[in-house]
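Please find below my note on the model we discussed, with the pocket taken up before the strands beside it.

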Amino acid sequence: MKSVFTKEAKIGLVTIVSLALLYLGINYLKGINLFQPVNHYYVSFSNVKGVTISSPVFVDGFKVGLVRDTTGKIIVEVSLEDKMRLNKGSYIAVVNTFLSGAELHIHLNTYVDDFLKPGSTLEGRMEEDMMQSVQEKILPSVENLLPKIDTILGSLQTLIAHPALAQSLNHIEKTT
């Protein structure tokens with residue numbers, strides 16, 4: 001009985017199926033659902049430190065999309081779920097996290113009923129993270145305290161090294 005497929009045809013078919021599964025698997029691991037329709041928006045930033053492809057995009061704590069690409073002069077392409085619509089005047093802020101690099105948070109302008117068309121460009125902002133606020137607000141005051149702490153420690157060292165203190169401790173020991 002003659003086979004319908006030759007060995008070469010079977011190997012080619014298995015190769016094509018395995019490549020398709022590899023492509024789908026890699027996109028699944030990135031968090032990209034190829035079977036769900038998405039809208040693409042572009043966001044212009046002055047600094048995208050920590051933002052990578054597949055960084056999550058959130059609205060009020062709910063994940064609504066992913067960063068698809070970073071192109072040109074700090075333009076980030078964001079793909080959002082098809083049902084997610086952005087109001088005019090909305091902006092996207094980069095929020096740095098400790099473990100995952102950065103996330104994008106959408107701040108919707110709820111006072112406007114006009115919506116942006118897919119493919120529009122939004123304003124991008126950098127939100128101040130905890131380490132940046134510590135660096136800008138607390139470190140200058142610590143720098144001002146350092147000379148005072150040095151003076152206090154020098155005075156304490158002089159007080160402790162004074163021979164009268166050792167003599168007083170010896171007298172207390174003899175008395176007890």
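The points below cover the basis of the model, its largest pocket and the strand pairing.

1. This is a predicted model, in which local features need pLDDT of at least 70 and side-chain atom pairs count only at pLDDT 80 or more, whereas totals for chains, interfaces and linings use all residues. Residues are numbered from 1 along each chain as its sequence is written, and side-chain values use heavy atoms, with hydrogens and water left out.

2. The largest pocket (on a 1 Å grid over the protein atoms alone, an open set of points where a 1.4 Å probe fits, with protein on both sides within 12 Å along at least five of seven lines) has a volume of about 260 Å³, a volume being the space filled by probe spheres set on the points, which are joined across faces, edges and corners.

3. Its lining (residues with an atom within 4 Å of a point) consists of 14 residues, and Gly-31, Asn-33, Gln-36, Val-38 and Leu-66 lie nearest the centre. By class, six are nonpolar, five polar and three charged, with Gly counted as polar.

4. Strands (DSSP runs of E, at least two residues, numbered from the N terminus) contribute to this lining: S3 (62-71) and S4 (75-81) each supply at least two residues, and S3 gives the largest share, five residues.

5. S3 pairs (at least two DSSP bridges between the strands) with S2 (residues 56-59) in the antiparallel sense over four bridges, Val-59 having Phe-62 as its partner. In their hairpin, with two residues between the strands, Asp-60 takes a positive phi near 50°.

6. S3 and S4 also run antiparallel, joined by six bridges, and Asp-69 has Glu-77 of S4 as its bridge partner.
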